[in-house]
Each structure stands twice: as C-alpha cells, then as structure tokens.
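Thank you for making time for this today. I would like to walk through one structure with you, slowly, and I will pause on a few residues along the way.

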Amino acid sequence: MTDEKPWHESDEFWEIAGQILFAQPRITEASETVDKIIRLLNPEPELKVLDLCCGVGRHCIEFARRGFTVTGVDRTTSYLEKAGKRAIWEGLEIDFVREDMRLFRRESAFNLAVNLFTSFGFFEDPEDDRRVAENIYHSLKPGGVFLLEMMGKEINARIFQPRGWNKVDDVYILEEREVIDGYGGIKMKWIIIKDEKINELELIVRLYSAAELKRLLTGCGFNRVDIYGGLDGSPYDHQAKRMAAVAHK
C-alpha cells in the first residue's frame, strides 16, 4: 500500500480488510454475539443502542431485529452503504452515521454503547483512545453502560505466535506479528490471497491489560468497570479467550 495516511484512515485498507472482517461466517455469528450481550447485560427492551465502529452493520441489524433503537457509527462509507441496504431490505430503521470515532458524541442519547471485535486502540496517540471513551461516557444517559470487547494484553502474551495463517471462505490470510513498545502494542502484517490476487496490509493496535483498561474508563468518569473473559460472562483469568469490559455510568 502506498497511502501515507495512518492505516486506520485508509479507505483502501478497510476495503481489502473487509474480505476478512465481514466474511459470511462472521455475519452469521452476529446473532449469537448479540444474544450473549443481552444475557450478560439484561437490558430493558426498546432501549437506545450505539454500535461504535459498526462496519457493515451486522450487530446493528441484530439489535434492531430485537426491538432496540439503533445507531451505527463507522468511518468507512462503503461499509455504511452495505449496512443501510441490508437494513432497508429487512424493513429495519437504523440510523447509520459516517464519523470518526474520535469525534462522534451525542449528549445523553444512548442507554447502551458497544465497541466489539477489537475495534479500539487504533490510534498513534493514546489520548485519542481516551477521547473516544470520554465521548462514549457523555453520549450515555445516566445509568448507561459501555461494553468494550477486545483481545486483552494478558491473553495475547499467553497465546502469542510470530506468524500463522487462516482461511475464511475463499480467502487465505498469512499473518506476521511483532510485539512493540514493551508490550504496549502489536504490529501485524496481513498477506491476503484471493483468486490468485495478493494484497498486503499493515496495522498496529494498542494492547490493554484489564487493569489498564479499567484505569482508562474510570478516569473518563465511569463509576464501575467489570471485566469478563468474554461476552459469556466467564471470569477473566488464565483461561480467558477474550476480554469484555462493562463500564457503568
């Protein structure tokens, strides 16, 4: 890639990565993901939900199917166009907004905000992560909840491998990984092969431990943060596969 913008601001990056991020198996699993969120949080029906970094709207669609009023925010126009078409096809009213997650804020507008599938920690400046969390805090109504789901630093350290490969539908992904900044982040190169065409993507994601994420969220005003080992509500321990933080306003 020749784009000089940061990777997360590149339309080319997201267009290519979408082949992996939104392959059919991941669209299909969205229903189960939302079911887990509902069991974990037990939200009242018809609440207002914000899906920050909603992509092609896979979770927005599932929340709307269950009667929630949903707003989906993403920076990639093509993703939002796909999400909007699917919502119209299903007869669902969803508010899709094109905006940088560092800028989106609606004062006291939502009961629940979700940021799923490691859609946090993209930015070079850690203060940008804080800005996102503060925006969410102010966008929630009193008593609102922010659910943040990602790969925790502790898990990454336990399972880390410098390289590996995977296959999603008809796409092959070769991945190289490098720990950077004293385990402050992870640098990755994805080599994506589809129909004999090869693309290479590079990205850097900041890693958070449970304690670091708690400090960030409480520092933004949240009064309690519960950490789980996934959306199933399991303990965040040596066997955890993901990290889910539930921050209460």
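Let me begin with a question: is K187 buried, partly exposed or exposed? Before I answer, please keep in mind that what you see is a predicted model. K187 has a relative accessibility of 35%, and since the partly exposed class lies between 20% and 50%, K187 counts as partly exposed.

Now look at where this residue sits, which is in strand β8, covering residues 185-194. If we leave aside residues up to four places away in sequence, K187 touches E176, R177, E178 and I180, and it also touches E202, L203 and I204. G18, by contrast, is 169 residues away from K187 along the chain, and the C-alpha atoms of the two are separated by 19 Å.

Let me step back to the whole chain for a moment. There are 8 helices and 11 strands in it, and along the principal axes its C-alpha atoms fill a box of roughly 50 × 45 × 35 Å. For a chain of 249 residues, a compact globule would be expected to have a radius of gyration near 18 Å, and because the chain has 18 Å, the value agrees with that expectation. Half of the residues, or 50% as the count gives it, are buried. When we take the contacts with a separation of 6 or more, 62% of them are accounted for by residues 24 or more positions apart.

The surface and the charges deserve a word as well. The accessible surface comes to about 12400 Å², and carbon and sulfur atoms make up 48% of it. Among the side chains, 35 are positive and 43 are negative, with the centres of these two sets lying 3 Å apart.

Next, the interior. The largest nonpolar core holds 58 residues, and those with the most contacts inside it are F120, F146, W190, L213, L217 and F222. Helix α1, residues 11-21, gives the most to this core, with 6 residues. Apart from this core lies another one, of 24 residues, including C54, V70, L92 and V145. Returning to L217, its partners, again leaving out residues up to four places away in sequence, are A133, F146, F222, V225, A245 and A247.

What does N199 touch, beyond residues up to four places away in sequence? N199 belongs to strand β9, residues 197-206, and its partners are I16, W190, I191 and I192. Its relative accessibility is 18%, and because buried means under 20%, N199 counts as buried.

For T71 the corresponding value is 6%, so this residue also counts as buried. You will find T71 in strand β2, residues 69-74, where, with residues up to four places away set aside, it touches V49, L50, D51, D95, V97, F104, R106 and F110.

My last stop is E29, in the loop between α2 (24-28) and α3 (30-41). E29 is partly exposed, with a relative accessible area of 35%. How many residues apart in sequence are E29 and H59? They are 30 residues apart in sequence, while in space the distance from C-alpha to C-alpha is 9.4 Å.

How values were computed
Residues are numbered from 1 along each chain as its sequence is written. This is a predicted model: local features need pLDDT of at least 70, side-chain atom pairs count only at pLDDT 80 or more; totals for chains, interfaces and linings use all residues. Side-chain values use heavy atoms; hydrogens and water are left out. Helices (H or I, at least four residues) and strands (E, at least two) are DSSP runs, numbered from the N terminus. The radius of gyration is taken over C-alpha atoms; the globule rule is 2.2 Å times the number of residues to the power 0.38. Buried means under 20% relative accessible area, exposed over 50%, partly exposed in between (1.4 Å probe, protein chains only). Contact means heavy atoms within 4.5 Å. Accessible areas come from the Shrake-Rupley method with a 1.4 Å probe; for residues, only the protein chains shown count as cover. Lys and Arg count as positive and Asp and Glu as negative; His and the chain ends are not counted. The place of a charge is taken as NZ of Lys, CZ of Arg, CG of Asp or CD of Glu. A nonpolar core is a set of buried Ala, Val, Leu, Ile, Met, Phe, Trp, Tyr and Cys residues joined through side-chain atoms within 4.5 Å.
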